[in-house]
Amino acid sequence: VTGLPLDAVARAQLNILLQPYENIAMFNNVPKIIFPILWLDKTAKLPPEYIIYLKILLAISQKGIYLSTGLMILGVIMITVSYIKMHHTRNSREKNKETQKTYDVLQAVSSLNNNKPIEEHILLEKK
């Protein structure tokens, strides 16, 4: 079932009304009938190779709904993942800035306290 016409037929018929006519002797005893005098019949059929192409196009259009839905879901997933990665990167940068500030403060303190290396201050803070 495609909804597309695969075959077309055009038919026409030309008729004449045949009835008795008093002035012509040949038509005196004729019954009153409609007499067909010409038939026209034209048929067009789609070649089989074109029918195959139409079936492929129909299948693509029917499956296209599933394909477009799948691509939309994939797009939503990609947007969500990129948002999560962006948020994670931003948080990571903020933590690195805080760590760098702490490190800078410890270096400043170490330079004031008899030039002890920073590692000693870290070990002292952990105790």
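The paragraphs below go through a predicted model, from its overall make-up to its strand pair and a patch on its surface.

The secondary structure of this protein amounts to 2 helices and 2 strands, and their order along the sequence gives the pattern β-β-α-α. Of the 127 residues in the protein, 4% are buried, and the accessible surface comes to about 11700 Å², with 64% of that area belonging to carbon and sulfur atoms. If one takes the contacts with a separation of 6 or more, 38% of them join residues that lie 24 or more positions apart.

For the helical part, a record offers one point of reference: an unreviewed UniProt entry carries the annotation "transmembrane region" over residues 64–84. In the model, the chain over residues 64–84 is 100% helix and 0% strand, and the C-alpha atoms at the two ends of this segment are 30 Å apart.

The strands come next. Strand E1 covers residues 7–18 and strand E2 covers residues 33–45, and the two pair in the antiparallel sense over 12 bridges. Within this pairing, Arg11 has Asp41 as its bridge partner in E2, and the side chains of these two residues also meet in a salt bridge, with a distance of 3.2 Å from N to O. Because Asp41 lies in strand E2 and Arg11 in strand E1, the salt bridge ties together parts of the chain that are 30 residues apart in sequence. The count of salt bridges comes to 1, and both of its residues, Asp41 and Arg11, are exposed. As for strand E2 as a whole, 0 of its 13 residues are buried, so this strand lies largely in the open.

Which residues make the nonpolar patch on the surface? They are Leu14, Ile16, Ile33, Phe35, Ile37, Leu38 and Leu40, and the patch they form has an area of about 620 Å². Strands E1 and E2 are the elements that each give two or more residues to the patch, and E2 gives the most, with 5 residues. Two patch members can serve as examples, one from each strand. Leu14 lies in strand E1, and it counts as partly exposed because its relative accessibility is 44%, between the limits of 20% for buried and 50% for exposed. Phe35 is found in strand E2, and with a relative accessible area of 41% this residue is likewise partly exposed.

The surroundings of Phe35 show how the two strands meet at the level of single residues. Leaving aside residues up to four places away in sequence, Phe35 touches Leu14, Asn15, Ile16 and Leu18. Leu17 is absent from that list of contacts, although the C-alpha atoms of Phe35 and Leu17, which are 18 residues apart in sequence, lie 6.1 Å apart in space. Leu17 itself lies in strand E1 and is partly exposed, with a relative accessibility of 49%. With the same exclusion of residues up to four places away, the contacts of Leu17 are Lys32, Ile33 and Ile34. Between Leu17 and Pro36, which are 19 residues apart along the chain, the C-alpha separation is 8.8 Å.

Methods
Residues are numbered from 1 along each chain as its sequence is written. This is a predicted model: local features need pLDDT of at least 70, side-chain atom pairs count only at pLDDT 80 or more; totals for chains, interfaces and linings use all residues. Side-chain values use heavy atoms; hydrogens and water are left out. Patches are made of residues with over 30% relative accessible area and no salt bridge: like charges are joined within 9 Å, nonpolar side chains (Val, Leu, Ile, Met, Phe, Trp, Tyr) within 5 Å. Accessible areas come from the Shrake-Rupley method with a 1.4 Å probe; for residues, only the protein chains shown count as cover. A salt bridge is a side-chain nitrogen of Lys or Arg within 4 Å of a carboxyl oxygen of Asp or Glu. Helices (H or I, at least four residues) and strands (E, at least two) are DSSP runs, numbered from the N terminus. Buried means under 20% relative accessible area, exposed over 50%, partly exposed in between (1.4 Å probe, protein chains only). Contact means heavy atoms within 4.5 Å. UniProt positions are given in the numbering used here, feature names are shortened, and annotations may be inferred rather than shown by experiment. Two strands pair if DSSP finds at least two bridges between them.
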